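Let's take a walk through this one together, starting with the fold as a whole and then stopping at a few individual residues. Keep the structure open as you read.

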Amino acid sequence: MNYGNIKEYDIADGPGVRVTLFVSGCRNCCKGCFNPETWDFSYGKPYTEETERRILELLAPDYIQGFTLLGGEPFEPENQRTAVKLLKKIRETYPEKDIWCYSGYLYDVDMAEGGRVHTEVTEEMLSYIDVLVDGRFIEEEKDLTLEFRGSRNQRILHLKELRT
């Protein structure tokens with residue numbers, strides 16, 4: 001897996017101050033995407049153990065509320081196998097911090113068993129995520145007044161509530 005950027009202090013992609021990882025690779029290629037360079041799976045730098053250590057260090061301060069995974073597309077099958085290991089490590093190391101994820105794929109369609117991006121690690125990956133913002137960005141539904149979303153069709157799903 002490659003990644004395009006790590007933001008050390010992000011306040012746009014979830015509540016509070018967050019660390020964010022922008023993975024590379026996306027087949028959705030939404031018109032008007034804010035990050036089209038990350039569509040290319042080879043964009044950016046290779047994700048390594050050193051990258052993971054850096055993310056874990058950045059999450060350590062008390063003022064960091066949580067971690068956000070976005071892209072590109074974290075739920076592309078090529079990204080899930082690496083992303084799930086990172087999310088597990090974050091959950092084990094910082095159980096008090098929340099984990100958000102943005103995906104253009106739909107939770108109850110594409111990520112469900114038999115869905116377009118369902119793999120052997122999808123369920124585990126979802127189990128570590130507190131909040132999933134799902135749905136493609138649709139330029140015609142763009143709304144700058146929405147909190148943590150770019151277009152009206154996108155949903156903010158509190159996964160722990162959905163699982164209980």
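Reading from the N terminus, the elements run β-β-β-α-β-α-β-α-β-β-α. That gives 4 helices and 7 strands in the protein. Bear in mind that what you're looking at is a predicted model.

How do the overall dimensions come out? The C-alpha atoms fill a box of roughly 40 × 35 × 30 Å along the principal axes. For 164 residues, a compact globule would be expected to have a radius of gyration near 15 Å, and the protein has 15 Å, so the two agree. Buried residues account for 49% of the 164. The accessible surface adds up to about 8,300 Å², with 51% of that belonging to carbon and sulfur atoms. Take the contacts between residues at least 6 apart in sequence, and 67% of them join residues at least 24 apart. As for charge, there are 21 positive and 30 negative ones, and their mean positions lie 1 Å apart.

Now for the sheet. The 7 strands form an open sheet with mixed pairing, in the order 3-1-2-4-5-6-7. Strand 3 and strand 7 stand at the edges with a single partner strand each, so each has one side without a neighbour in the sheet. As a reminder, strands of a sheet pair through backbone hydrogen bonds, either parallel or antiparallel.

Start at the strand 3 edge. Strand 1 (residues 2-10) pairs with strand 3 in the antiparallel sense, over 2 bridges. Here you can find Tyr3 opposite Lys45 in strand 3.

Further along the order comes strand 4 (residues 64-71), and how much of this strand is covered? Of its 8 residues, 7 are buried. On one side, strand 4 pairs with strand 2 in the parallel sense over 7 bridges, and Val23 stands opposite Gly71 of strand 4. Strand 4 also runs parallel to strand 5 (residues 98-103), joined to it by 4 bridges. In that pairing, Phe67 faces Ile99 in strand 5 as its opposite residue.

The loops deserve a look too. Which backbone angle makes Cys29 worth a stop? Cys29 has a positive phi of about 45 degrees, although it isn't a glycine. You'll find Cys29 in the loop between strand 2 (17-23) and strand 3 (45-46). With a relative accessible area of 34%, Cys29 is partly exposed.

Phe148 is another non-glycine with a positive phi, this time about 65 degrees. Its place is in the loop between strand 6 (131-134) and strand 7 (155-158). Is Phe148 buried or exposed? Phe148 counts as buried because its relative accessible area is 18%, and the cut-off for buried is under 20%.

Finally, go back to the loop between strand 1 and strand 2, where Ile11 sits. Ile11 counts as exposed, at 65% relative accessibility. Setting aside neighbours within four places in sequence, Ile11 is in contact with Gly16 and Val17. For a sense of distance, pick Ile11 and Glu73, which are 62 residues apart along the chain: their C-alpha atoms are separated by 20 Å.

Key
Residues are numbered from 1 along each chain as its sequence is written. This is a predicted model: local features need pLDDT of at least 70, side-chain atom pairs count only at pLDDT 80 or more; totals for chains, interfaces and linings use all residues. Side-chain values use heavy atoms; hydrogens and water are left out. The radius of gyration is taken over C-alpha atoms; the globule rule is 2.2 Å times the number of residues to the power 0.38. Buried means under 20% relative accessible area, exposed over 50%, partly exposed in between (1.4 Å probe, protein chains only). Contact means heavy atoms within 4.5 Å. Accessible areas come from the Shrake-Rupley method with a 1.4 Å probe; for residues, only the protein chains shown count as cover. Lys and Arg count as positive and Asp and Glu as negative; His and the chain ends are not counted. The place of a charge is taken as NZ of Lys, CZ of Arg, CG of Asp or CD of Glu. Two strands pair if DSSP finds at least two bridges between them.
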